[in-house]
Amino acid sequence: MKMTFRWYGEGNDKVTLGNIKQIPGVEGIVWSLHDMAAGELWSEERIAKEKAIIEAAGFHIDVVESVNVHEDIKLGLPSREKYIENYKETLRRLAKVGVKVVCYNFMPVFDWTRTELYKEMEDGSNALFFEKSKIENIDPIELIEKLSTNVDVTMPGWEPERLSRLKETFKLYENFTAEDLWKNLEYFLEQVIPVCEEVGIKMGIHPDDPAFPIFGLPRLIINKENIGRFLNLVDSPYNGLSLCTGSLGSANNDIPDIIDAYHDRIHFMHIRNVKRYDNGDFIEASHRACDGSVDTVKVVQTLHKHGYEGYVRPDHGRHIWGEEKWARPGYGLYDRALGIMYILGVWDSVEKNAKS
Ligand SMILES: [Mn+2]
């Protein structure tokens, strides 16, 4: 297991590479060019600059999260061809500087959905929260209209300046089915995976978050069965997974069982915990197994059992010690650092037991 940490880049992240350097065990930075729009070709100069900054701080640049997939590719529009060509060329350029794994997702419209970014917990920390009743059975167009007339209410990703564009995007997905999305995903993989095989980059799809359909939009990467179907779309080791225990944990998935089934196709692990409530709400919890619904201890044990040699990062953390004042939602410093120590603690203890 190779430990990494996600960093949003200089001037774009209050956490510094110097901070990260002091977390035990971190070897690599998970990075991206965050100002690149989906579908844009990444410039070689920008890639080289980012590589220089990260390597100067003593980290590797093996994992990129994410190279985002343009909405037209998900929708299967004729304009997807130019965006797929850009995607392939970006992969070639990343391979040239030594990138090994690229994380991406194939979720319509949204990257991830929560209803609150700073839900206060009993201990004074706060975390990302999803309240199901807030968005269940709500027509997204109606929700957009409600949000545009009431400026005091907003949701992450639904900021007033985005609402009109959101409305257009949602309209494009009218009468669009999960089978349509599967077909478009297959088309994308058939184009991109041969390039990956040629240049040596492993693709890892990130599960949908949350792992169930919302706003009538299809969701594919949500459970063991669908992950199996995904891996068979193009049956190549380069077509793999960025397995996120938090995303899959937002629904009742047996994650150690999923790892048992597909461990040889997992290139990147996101490890975090979520606490699920009976009504379908969930909140992001500390990494500790007993604090949430994901058995994070068994997750790490299962990875060890299979001799997992891929990349790992702690995923979202809570905001603790007041860092909500400056940190990105989910991407503070302290709780993710604690998460790393928990993950490494479990790993080292299994490792030691195996040797004695
Ligand atoms: Mn994740």
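This is a short walk through the sheets and helix contacts of one structure, as told at a group meeting.

Okay, thanks everyone. Before anything else, keep in mind that what's on the screen is a predicted model. I'll go through two sheets, and then a pair of helix contacts.

Let's start with the eight-stranded sheet. It's an open sheet of 8 strands, and if you read across it the order is β2-β1-β12-β9-β8-β7-β4-β3, with parallel pairing. So who sits at the edges? That would be β2, residues 28-30, and β3; each has a single partner strand, so one side of each is left without a neighbour in the sheet. As for the twist, neighbouring strands here are turned by 30° against each other on average, ignoring direction.

Quick reminder for anyone who lives mostly in small-molecule land: strands of a sheet pair through backbone hydrogen bonds, either parallel or antiparallel.

Now zoom in on β4, residues 101-104. On one side, it's joined to β3, residues 63-65, by 3 bridges, and the two run parallel. If you want a register point there, Val63 has Val101 of β4 as its bridge partner. β4 also has 4 bridges to β7, residues 202-205, again running parallel, and Tyr104 stands opposite Ile205 in β7.

Is β4 covered on one face or on both? Well, in a regular strand the side chains alternate between the two faces of the sheet. And here Val101 and Cys103 on one side, plus Val102 and Tyr104 on the other, are all buried, so to speak covering both faces of the strand.

Moving along to another part of that sheet, β1, residues 2-6, and β12, residues 311-314, are joined by 2 bridges and run parallel. Met3 is the one to click on if you want to see it, with Val312 in β12 as its bridge partner. Lying across β1, β12 and β9, residues 266-271, is helix α13, residues 334-355, which runs at about 135° to β12.

While we're on α13, let's look at what it packs against. Helix α12, residues 296-305, meets it at an angle of about 45°, with the axes 9 Å apart. That makes α12 oblique to α13, and the crossing is right-handed. On the α12 side you've got Val297, Val300, Gln301 and His304, and they meet Ile343, Val346, Trp347, Val350 and Glu351 of α13. Sorted by class, that contact has 6 nonpolar residues, 2 polar and 1 charged.

There's a second helix pair worth showing. The axes of α4, residues 80-96, and α8, residues 178-199, come within 10 Å and cross at roughly 20°. An angle under 35 degrees counts as roughly parallel, and α4 and α8 are therefore roughly parallel to each other. The crossing of α4 and α8 is right-handed. From α4 the contact uses Ile84, Tyr87, Lys88, Leu91, Arg92 and Ala95, while α8 brings Phe188, Gln191, Val192, Val195, Cys196 and Val199. By class, that's 9 nonpolar, 1 polar and 2 charged residues.

Right, on to the other sheet. This one is open too, with 4 strands in the order β5-β6-β11-β10, and the pairing is antiparallel. Its edges are β5, 116-120, and β10, 273-276; each of them has a single partner strand, so one side of each has no neighbour in the sheet. From one strand to the next, the twist averages 40°.

β5 and β6 pair in the antiparallel sense over 3 bridges, and they form a hairpin with 5 residues between them. What is the phi of Gly124 in that turn? Positive, about 95°. For the register, Glu116 has Phe129 in β6 as its bridge partner.

Phe129 shows up on the other side of β6 as well, where it stands opposite Ile283 in β11. Phe130, meanwhile, stands opposite Phe282 in β11. Altogether 2 bridges join β6, residues 126-130, to β11, residues 282-285, and those two strands run antiparallel. And β6 is mostly covered, with 5 of its 5 residues buried.

That's the tour. Happy to take questions.

Terms used:
Residues are numbered from 1 along each chain as its sequence is written. This is a predicted model: local features need pLDDT of at least 70, side-chain atom pairs count only at pLDDT 80 or more; totals for chains, interfaces and linings use all residues. Axes are lines fitted to C-alpha atoms, for helices over the stretch in contact, and angles run from 0 to 180 degrees between N-to-C directions. Angles under 35 degrees count as roughly parallel, over 145 as roughly antiparallel, 65 to 115 as roughly perpendicular and the rest as oblique. A crossing is left-handed if the near helix is turned anticlockwise from the far one by less than a right angle, and right-handed if clockwise. Two residues are in contact if their C-beta atoms, placed from the backbone, lie within 7 Å. Ala, Val, Leu, Ile, Met, Phe, Trp, Tyr, Cys and Pro count as nonpolar, Asp, Glu, Lys and Arg as charged, and the others, Gly among them, as polar. Two strands pair if DSSP finds at least two bridges between them. A residue is buried if 20 or more other C-beta atoms lie within 10 Å of its own, exposed if 12 or fewer, and partly exposed in between; C-beta atoms are placed from the backbone.
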